[in-house]
Amino acid sequence: MISPDKASRLQKAETMIRETNNLPTIPEIATRVSHLLDDPDVELDQVAEVILTDQVMASRVIKIVNSPMFRPMHEINSLKRALIYLGFRRIREIALTCSIIKTFEGKDGVFDIKTFWQHSFGVGIVAKIIAQRVRYPEIEKAYICGIVHDIGEVFLSSCLREEFQKIVDLIKGTCHSFAEAEMLMLGTTHCELGLCLAKKWNFPLEYCDVIENHHTPEDASFDPMLVAIINLADLFCSVRNLDYDNREWVSFNLAEEKSWEILQRFSPNFSDLDVERFCFELDERVAEIEELVLSIFEK
Amino acid sequence: MTLSESNFETLRDFIYNFCGMFFHTGRKYFLESRITRRMEARGIKDYPDYFKLLRSGSDSSGELKLLLTEITTNETCFFRNTQQIAALERQFLPELVETKKKIGFRKIRIWSAGSSSGEEAYTFAMLLLEKRATILKDWVIEIIGTDISEKVLVQAREGVYNNYSVRNMPELYRKKYFKEEAGGTFVLAPEAKKLVTFTSLNLYDDSRMVFMKSFDIIICSNVLIYFDTPAKSKIVQHYYNNLQPYGYFFLGQSESLHSVNDKFKTIHFPGGFAYKK
């Protein structure tokens with residue numbers, strides 16, 4: 001049962017998305033790849049052929065395969081080898097990620113788009129680490145969901161610049177979150193806006209769940225463990241220099257976080273985590289994540 | 001001598017496990033230079049031999065403590081932990097003031113435990129003086145600095161510093177709270193000085209620790225690293241008992257409370273941790 005507040009936030013978000021003239025569209029390639037992959041008899045060559053029609057996309061797939069997420073034994077230089085390495089299941093996810101990057105390419109808004117992706121890839125990588133620790137079975141899914149969790153925020157930053165600038169100004173120097181300020185100024189948040197976009201782009205259900213509930217993991221309806229992983233990864237990135245250039249002040253009492261509680265339910269040993277050391281080690285990876293994002297944007 | 005990646009990691013793990021202090025890779029060269037000094041002092045030529053000495057519990061000279069002293073000497077300065085200061089100004093201090101206002105208690109008490117030559121305690125004094133016109137109007141401010149060494153306490157009470165101590169300080173504070181004298185000497189303004197009381201205290205002395213009562217903020221930066229785990233736990237328990245229910249406890253920027261105390265709750269903020277009851 002959706003609460004009246006939630007329904008009104010969703011309605012507001014739907015209206016805003018409907019009324020946006022320059023609404024980004026997901027490249028046709030992602031849809032074509034997705035359709036191809038729905039056919040159980042599809043050949044790898046057919047998929048490669050479609051992706052190769054966009055050289056930038058093809059090179060991004062290769063870069064992501066060589067990124068810390070997958071880290072093959074030897075560097076992979078061809079698209080076909082990259083696809084073989086990934087396997088059909090992951091191709092869909094990687095193609096989708098590359099498409100979203102392309103969708104917002106060059107759309108620096110209030111945020112520099114690279115800053116946005118640094119946070120997103122940071123959340124992806126930390127989500128992967130947490131997923132491994134709690135033995136979540138689909139590590140790649142956690143990674144990709146980390147990358148796409150804030151699409152509502154990038155939509156606001158690039159498509160509704162004036163409004164979003166006001167939100168950024170409103171939280172400056174305070175302890176308020178983006179979501180709180182968005183609610184105040186727009187009557188909805190990046191979570192509902194992201195959900196509407198994700199539905200419009202036919203994202204899988206679990207992605208929609210993450211995008212909608214990454215700040216409220218207790219409301220997750222499809223995969224609570226996945227949403228909790230992304231929530232926690234997002235929190236850690238926000239306090240360890242993988243945030244949006246200090247625009248939002250994030251502070252949290254870990255013991256009181258719902259995601260912490262949810263993950264301990266699924267994986268009791270998780271409470272033994274040396275959280276401080278985990279954060280110090282995360283600091284060490286910031287430079288690597290920045291490099292990864294720069295390389296993905298290199299033409 | 002260059003510290004290889006794997007030797008650095010071995011040493012980092014060792015220091016973290018024994019002292020609770022994490023060395024970021026960015027500080028590798030710093031660590032390398034301080035170790036080299038210690039190895040020269042002990043006449044040791046290679047890292048594995050030195051690590052063996054560090055690990056040997058029977059080492060009566062306490063090489064680990066000597067290395068830690070080498071690492072932390074001259075580390076203190078005004079406005080050292082910028083993230084902690086930002087968190088205090090933006091979140092913790094306004095929160096504390098609001099809570100205390102509600103209970104009608106317009107007094108704030110801060111303890112700098114292991115205050116050394118006083119830079120940390122005086123940084124608090126200046127930060128709070130800046131709030132005198134706003135949130136701390138008509139409040140009583142009490143800052144206590146304690147250290148076991150009489151020598152550093154004398155320095156702290158004097159309030160006279162050199163260029164190196166003020167290297168991180170924002171211009172505003174330097175101009176407002178210091179008189180610069182010939183030879184690069186900085187003399188602290190009396191209004192900041194009089195907010196802080198320095199006193200001698202051994203953190204391991206239970207009979208004295210129990211009387212350090214009712215603090216809103218306790219900060220103990222790079223001090224616990226010198227104690228073994230049971231001693232650390234005992235000292236942190238005193239901090240826990242002596243902190244107000246709404247107060248905050250802070251360690252140094254790269255320190256961890258993991259496996260020392262499980263009562264404190266960890267509050268994460270950008271670039272650091274605070275601990276709360």
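**Exercise 1.** Is A:Arg135 buried or exposed in this predicted model? Place the residue in its chain and describe its backbone.

*Solution.* Start with the neighbour count: A:Arg135 has 12 C-beta neighbours inside 10 Å. The cut-off for exposed is 12 or fewer. A:Arg135 therefore counts as exposed. Next, find its place. A:Arg135 sits in the loop of chain A between helix 6 (113-133) and helix 7 (139-148). Last, check the backbone. The phi of A:Arg135 is positive, about 55°, although the residue is not a glycine.

**Exercise 2.** Work through A:Asn241: where does it lie, and how many other C-beta atoms are within 10 Å?

*Solution.* First, the location. A:Asn241 belongs to the loop of chain A that runs between helix 13 (224-239) and strand 1 (252-253). Now count: 19 other C-beta atoms lie within 10 Å. Buried requires 20 or more, so A:Asn241 is partly exposed. Its phi is also positive, at about 70°, and A:Asn241 is not a glycine.

**Exercise 3.** Trace the pairing from strand 1 of chain A into chain B. Which residues stand opposite A:Phe252 and B:Thr266?

*Solution.* Begin at the chain crossing. Strand 1 of chain A pairs with strand 9 (residues 265-269) of chain B, antiparallel, over 2 bridges. Here A:Phe252 faces B:His268 in strand 9. Continue within chain B. Strand 9 pairs with strand 10 (residues 272-276), again in the antiparallel sense, over 5 bridges. B:Thr266 has B:Tyr275 of strand 10 as its bridge partner. Finish at the turn. Strands 9 and 10 of chain B form a hairpin with 2 residues between them. In that turn, B:Gly271 has a positive phi of about 85°.

Terms used
Residues numbered from 1 in each chain as written. Chains lettered and ligands numbered in written order. Predicted model: local features only at pLDDT ≥ 70, side-chain atom pairs only at ≥ 80, totals over all residues. Helix = DSSP H or I, 4+ residues; strand = E, 2+ residues; numbered from the N terminus. Pairing = 2+ DSSP bridges.
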